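This report walks through one protein model, piece by piece. Keep the sequence and the 3D view open as you read.

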Amino acid sequence: MKNTKVTLVPLTVDDREQFIIDNQWSFKHGALLEFGQRDNHIDDDGEIISRKTIERCIDAPNSETYRIVAHGKKVGGVILKINKETHHNELEILFTLPDEHSKGIGYGAWQAVEKLHPETVIWKTCTPYFDKRNIHFYVNKCGFKIDEFWCEYFAPTIDLPDDEEHNHNEGPDEMFHFVKVMK
């Protein structure tokens with residue numbers, strides 16, 4: 001299993017715009033590989049994940065946002081939601097730039113996240129049903145277990161943000177939800 005040494009560097013105000021652009025490109029790249037230009041999961045602005053969603057994750061209370069740096073270069077990003085009371089934490093977003101895939105950077109970043117928050121009892125995250133690469137990564141590399149499949153037959157059992165864009169117009173309607181029990 002590849003494990004590239006990475007550093008998690010807190011996001012700076014000056015890098016926020018590039019972080020959003022890199023994040024959107026990384027998610028869009030996966031959808032384009034799977035579906036091509038015909039994809040109906042891309043929103044009106046041509047994105048899989050909207051600027052509004054990324055900004056909401058960055059700006060949320062208890063949010064921590066980092067750039068993934070490898071070999072002195074920004075190669076991805078991570079947004080975490082940390083609950084200091086329950087220690088049930090969420091991986092909101094993890095991405096690596098498409099040119100950096102299959103180099104062990106995502107796995108190195110995940111290991112750095114776990115070291116950053118050793119108090120975590122449970123990690124939670126989700127990914128679109130079509131992104132086999134992500135599903136493989138979370139299950140086979142990082143040790144998450146699929147605990148729900150969100151679709152028309154089964155709604156999420158977690159509280160999703162209550163905004164029109166998130167609930168109605170953004171991204172795929174089918175998602176895998178993952179958990180990783182740490183303690």
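## A pair of facing residues

Start with Glu64, which stands opposite Leu80 in β3. These two residues belong to a larger match: β2 and β3 pair in the antiparallel sense over eight bridges. Two strands count as paired if DSSP finds at least two bridges between them. Helices (H or I, at least four residues) and strands (E, at least two) are DSSP runs, numbered from the N terminus. β2 and β3 make a hairpin with two residues between the strands, and His71 there takes a positive phi near 55°.

The model is predicted: local features need pLDDT of at least 70, side-chain atom pairs count only at pLDDT 80 or more, and totals for chains, interfaces and linings use all residues. Residues are numbered from 1 along each chain as its sequence is written, and side-chain values use heavy atoms, with hydrogens and water left out.

## The overall plan

The protein has five helices and seven strands. From the N terminus on, they run β-α-α-β-β-β-α-β-α-β-α-β. Of its 183 residues, 48% count as buried. Buried means under 20% relative accessible area, exposed means over 50%, and partly exposed lies in between (1.4 Å probe, protein chains only).

Which contacts link distant parts of the chain? Among contacts between residues at least 6 apart in sequence, 69% join residues at least 24 apart. A contact means heavy atoms within 4.5 Å.

## How sure is the model?

pLDDT is the predictor's confidence in each residue, from 0 to 100. Its mean for the protein is 85, and 79% of the residues reach 70 or more. Residues 162-171 need caution, as pLDDT stays under 50 there. For that stretch the model has 20 contacts beyond four places in sequence.

## From β3 to β5

β3 also pairs with β4, in the antiparallel sense, over six bridges. Val78 stands opposite Leu94 in β4, and Lys81 stands opposite Glu90. This hairpin has six residues between its strands. In the turn, His87 has a positive phi of about 65°.

β4 then joins strand β5 (residues 122-128) through three bridges, and these two run parallel. Here Glu90 stands opposite Lys124. The chain crosses from β4 through α3 to β5, and this β-α-β crossover is right-handed. To check the hand, point the strands away from you: the path from the first strand over the helix to the second runs clockwise.

## The nonpolar cores

A nonpolar core is a set of buried Ala, Val, Leu, Ile, Met, Phe, Trp, Tyr and Cys residues joined through side-chain atoms within 4.5 Å. The largest one has 25 residues. Leu8, Ile68, Val78, Leu80 and Trp110 touch the most other members. β2 (63-70), β3 (73-81), β4 (88-96), α3 (105-116), α4 (132-141) and β7 (175-181) each supply at least two residues of this core. The largest share, six residues, comes from α3. Apart from this core lies another, of twelve residues, among them Ile20, Phe27, Ile49 and Ile58. In soluble globular proteins, nonpolar side chains tend to be buried together.

Take Val78 as an example. Beyond four places in sequence, its contacts include Leu8, Phe19, Thr65, Ile68, Leu94 and Val113.

## Two more residues to find

Thr65 sits in strand β2. Is Thr65 buried or exposed? Thr65 is buried, with a relative accessible area of 11%. Leaving out residues up to four places away, it touches Val9, Pro10, Leu11, Phe19, Ile58, Val78 and Ile79.

Asn62 lies in the loop between α2 (51-59) and β2. Its C-alpha atom is 8.2 Å from that of Leu80, 18 residues apart along the chain. Beyond four places in sequence, Asn62 is in contact with Leu80, Lys81 and Ile82.

## Cysteines without a bond

A disulfide is a covalent bond between the sulfur atoms of two cysteines. The rule here asks for a pair of cysteine sulfur atoms within 2.5 Å. By that rule the count is zero. Why is Cys57 not bonded? The closest cysteine sulfur, in Cys126, is 9.3 Å from that of Cys57, too far for a bond.

The two cysteines have their own surroundings. Cys57 is buried, with a relative accessible area of 8%. Cys126 is partly exposed, at 30%.
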